[in-house]
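Got the viewer open? Let's take a short walk through this one, stop by stop.

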Amino acid sequence: DFPLANPVQTTPDDIFVAKLSADGTDLMFGTYWGGEDLDYVNDIAVDDVGRVYLVGTTRSEGLPTTTGAYQESFVGTVLGCEVPFGQDHNCEDLFVTKLATEPGTVLWSTYLGGSRVEEARGIAVDAGGGVLVAGYTGSPDFPPSGIDFGADILVSRFDATGGTLEYTYLVESGSANRGNGIAVGPGNDVYFAGTLGVPASVYLAKLSGAQVASARQQVPGVNTLTGNHPNPFNPRTTISFAVGAAGPVSLDLYDVAGGLVRHLLADEQLAAGPHAVVWNGRDAAGRLVPSGVYFYRLQVGPWGETKRMVLMK
């Protein structure tokens, strides 16, 4: 029975977001936010026109995301978890959500994570509308590329649409590091704070605008599974994606039971850049498949992403 006003979600979940009038007497916006499992928000930012940005961590595979967001699907898996999570829980992905409060609207929402554990504790918006988050990752396949490390503080920047992850800056150590806060100064200098080592020491850092630009240039090209169009479809749909660097690419189709329907690409050597593949609604034997939900997974080296499509006849 939490008070709601212009909500974007009315089903009780783990998170609430509320906006009060300047004198604290009126509830101008109130909503639940989350999925079916544990979700929590660790920081909030507001831009100069009043849009709200949330960052937090989730074990929910059904936390709402938006079409075209950088990572629409949950990646952390039950079997991939580390202590203290164990195999009874999904590993945690971080999430970023942008809301308008008048009226209540989800502008964009995305997961960000690899196959193990991510969390985020800081968020900031820069002068260009980019969204910066500070947090922690323990995943060897954390995007935008498969980087071999044990545990890192992360600083990641999304563009204003939430559809592009422009760079990730990492601070490596063998311990469970935490990125705890982030701010943006003049000239898009980035300041962030966290802890390093065991026992933990406070860690403070500044990235100048020039260093940020350099970090963006040095990150390998981003692999992106944009999605399929139309969706739902009958009988053909086009799957669009981008490859960050030339190399072998696989694109596989599965039914809802996890059975392989067809290889659309099987370790095909593709150049870096955008690509598209058409599926005609047939399986590997050339038979038309029945109506229903299907999943397609793009695999580029250690990076992979899965999305859903619906065939309606």
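**Stop one: a three-stranded sheet**

Select G179 and you'll find G194 of β12 standing opposite. Keep in mind as you click around that this is a predicted model.

Now widen the selection to the strands themselves. β11 pairs with β12 (residues 190–196) in the antiparallel sense, over six bridges. Add β13 and you have the whole open sheet: three strands, antiparallel pairing, in the order β11-β12-β13. The edges are β11 (178–184) and β13 (201–207); each has a single partner strand, so one side of each is left without a neighbour in the sheet. Look along the strands for the twist, which averages 15° from one strand to the next.

**Stop two: S156**

Next, jump to strand β9, residues 151–158, and pick out S156. Buried or exposed? S156 is buried, at a relative accessible area of 0%. Show side chains and look for T168: a polar contact of 2.8 Å joins its side chain to that of S156. Beyond residues up to four places away in sequence, S156 also touches L112, V131, L132, V133, F142, L165 and Y167, along with T168.

**Stop three: E119**

Finish in strand β7 (residues 118–125), where E119 lies. E119 counts as buried because its relative accessible area is 8%, under the 20% cut-off. Which side chain does E119 meet in a polar contact? Select R121: the two side chains are joined at 3.1 Å. Then bring up the contacts of E119 outside its neighbours within four places in sequence: Y40, T57, L94, G135, Y136 and R178.

How values were computed. Residues numbered from 1 in each chain as written. Predicted model: local features only at pLDDT ≥ 70, side-chain atom pairs only at ≥ 80, totals over all residues. Heavy atoms only, no water. Pairing = 2+ DSSP bridges. Helix = DSSP H or I, 4+ residues; strand = E, 2+ residues; numbered from the N terminus. Axes fitted to C-alpha atoms, helices over the stretch in contact; angles between N-to-C directions. Buried < 20%, exposed > 50% of the residue type's maximum accessible area, 1.4 Å probe, protein only. Polar contact = N/O pair within 3.5 Å; in protein donor to acceptor, adjacent residues only side chain to side chain. Contact = heavy atoms within 4.5 Å.
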